[in-house]
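Here's a walk through one protein model, from a pair of sheets to a metal site and a pocket. Have the structure open and follow along.

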Amino acid sequence: MADVPIEVVVAPVEGQQSFGGEPFPLVQECRSDGASLESVEEWVRQSRATLDRQALVNGTVVFRGFPISTDQELDRFIRAFDYPNFPYEESLSNAVRVNRTERVFTANEAPSDVTICLHHEMAQTPVYPSRLFFFCEQPAEQGGATPLCRSDILFERLKEDFPEFVADCETKGLLYTNIMPAENDPTSGMGRSWQSTFRAETRESAEERLQTLGYSWEWLADGCLRSTTPTLQAVMEIEPGRKTFFNQLIAAFHGWKDSRNDPTKAVTFGDGSVLNPETMDRVAAIAEELTFDVPWQKGDVALVDNRVVMHGRRTFTGARKVLASLVAMDA
Ligand code: FE2
């Protein structure tokens with residue numbers, strides 16, 4: 001039996017922003033009661049070029065009212081986009097995660113009272129995903145929104161307010177330093193062990209990977225590893241004349257804090273010069289002003305263009321579960 005086409009409309013959402021006449025985020029709402037997952041997959045296959053463009057232009061597309069409630073259904077929805085997968089095992093992410101399917105994993109196992117500051121996913125590493133999917137399996141009782149910030153708009157604001165700082169970001173790039181534990185530490189938002197991060201059983205094989213990636217490093221007495229990235233870009237030109245504040249500065253400066261890590265030592269310019277903490281406070285405050293909080297409803301999916309939009313996590317109470325999936329860089 002052929003599937004009936006579903007009805008999907010662009011809908012408003014409370015607190016929605018608008019930049020250059022384009023809503024942020026863009027919301028695609030399914031209005032067909034009892035739509036089958038097969039008909040949704042078909043709709044995605046037919047619309048994926050448009051949806052991908054919308055993610056780039058608008059920054060984020062939220063899918064609401066679609067018949068998706070399990071990790072398996074989410075996996076099928078995501079596969080219909082036909083993006084190449086970015087597996088967690090291959091990433092250098094600091095977060096501890098648990099896979100549900102080959103493509104879908106829990107967004108971050110960090111405790112509910114830990115705020116995850118705005119960041120571009122893995123912008124502190126040479127290998128980052130181009131796009132992200134988030135899925136609300138279970139909304140929090142209170143809080144737990146995913147803050148999103150248009151990084152191109154932030155960049156324009158910063159260029160006006162802090163031209164010297166922006167020039168330093170563009171010309172010098174950034175170095176990130178962090179200390180990884182010898183075993184996964186689920187109490188930290190950045191508790192992934194060096195073995196898991198570098199897919200290494202021994203120090204020698206970790207060193208091989210570090211060398212290939214251009215990192216410098218030091219082994220600490222307690223078995224932890226302190227590593228510093230090669231110089232990474234702080235600004236990305238995503239389309240001619242459209243630049244984003246593509247880095248991990250806000251999170252590294254304000255959020256890379258746990259029993260091992262001191263945020264004031266986490267990041268410097270590429271020439272080793274230090275960042276001005278007052279400027280960084282203002283940058284974080286402007287980013288917060290520009291933030292839209294995704295008011296998660298059960299079953300919502302968000303497609304975030306990681307090159308355009310930063311994300312984070314608000315603290316929460318209750319059994320919030322947000323799942324994620326990453327798309328490889330070369331998509
Ligand atoms: Fe993230």
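Start with Tyr176, whose bridge partner in strand 16 is Val267. Strand 11 (residues 174-180) and strand 16 pair in the antiparallel sense over three bridges; two strands count as paired if DSSP finds at least two bridges between them. Helices (H or I, at least four residues) and strands (E, at least two) are DSSP runs, numbered from the N terminus.

A quick word on ground rules: this is a predicted model, where local features need pLDDT of at least 70, side-chain atom pairs count only at pLDDT 80 or more, and totals for chains, interfaces and linings use all residues. Residues are numbered from 1 along each chain as its sequence is written, and side-chain values use heavy atoms, with hydrogens and water left out.

**The sheet around strand 11**

That pair belongs to an open sheet of four strands in the order 12-13-11-16, with antiparallel pairing. Its edge strands, pairing on one side only, are strand 12 (216-219) and strand 16 (267-269). Neighbouring strands here are turned by 15° against each other on average, direction ignored. Helix 6 (residues 203-213) packs on this sheet and touches strand 12 and strand 13 (225-228), its direction making about 160° with that of strand 12. Contact means heavy atoms within 4.5 Å; axes are lines fitted to C-alpha atoms, for helices over the stretch in contact, and angles run from 0 to 180 degrees between N-to-C directions.

**The sheet around strand 19**

Another open sheet of four strands has the order 7-19-10-17, again with antiparallel pairing. Strand 7 and strand 17 (292-294) are the edges, and the twist averages 20° from one strand to the next. Here's how its pairs line up:

| Strand pair | Bridges | Residues opposite each other |
|---|---|---|
| Strand 7 and strand 19 | two bridges | His119 and His311 |
| Strand 10 and strand 19 | three bridges | Cys149 and Met310 |
| Strand 10 and strand 17 | three bridges | Leu148 and Phe292 |

Strand 19 is well hidden: five of its five residues are buried, meaning under 20% relative accessible area with a 1.4 Å probe and protein chains only (exposed is over 50%, partly exposed in between). Val309, His311 and Arg313 sit on one side of strand 19, with Met310 and Gly312 on the other. Helix 3 (residues 151-161) lies across strand 10 and strand 19, running at about 55° to strand 10.

**The iron site**

Which residues are the protein donors of the iron ion? They are His119 (NE2), Glu121 (OE) and His311 (NE2), at 2.0 to 2.2 Å from the ion. Donors are N, O and S atoms within 2.8 Å of the metal (3.2 Å for Na, K and Ca), and since water is not among the atoms, sites may look incomplete. Along the chain, the donors follow the spacing H-x1-E-x189-H. Glu121 is in the loop between strand 7 (116-119) and strand 8 (131-138) while His311 is in strand 19 (residues 309-313), so this pair ties together parts that are 190 residues apart in sequence. Both Glu121 and His311 are buried.

**The largest pocket**

About 590 Å³ of space lies in the largest pocket. Its lining comprises 36 residues, and Asn108, Ile116, Cys117, His119 and Gly189 lie nearest its centre. Strand 7, strand 8, helix 7 (249-255), strand 19 and strand 21 (321-327) each give two or more residues to this lining. On a 1 Å grid over the protein atoms alone, a pocket is an open set of points where a 1.4 Å probe fits, with protein on both sides within 12 Å along at least five of seven lines; lining residues have an atom within 4 Å of a point. Grid points are joined across faces, edges and corners, and the volume is the space filled by probe spheres set on the points.
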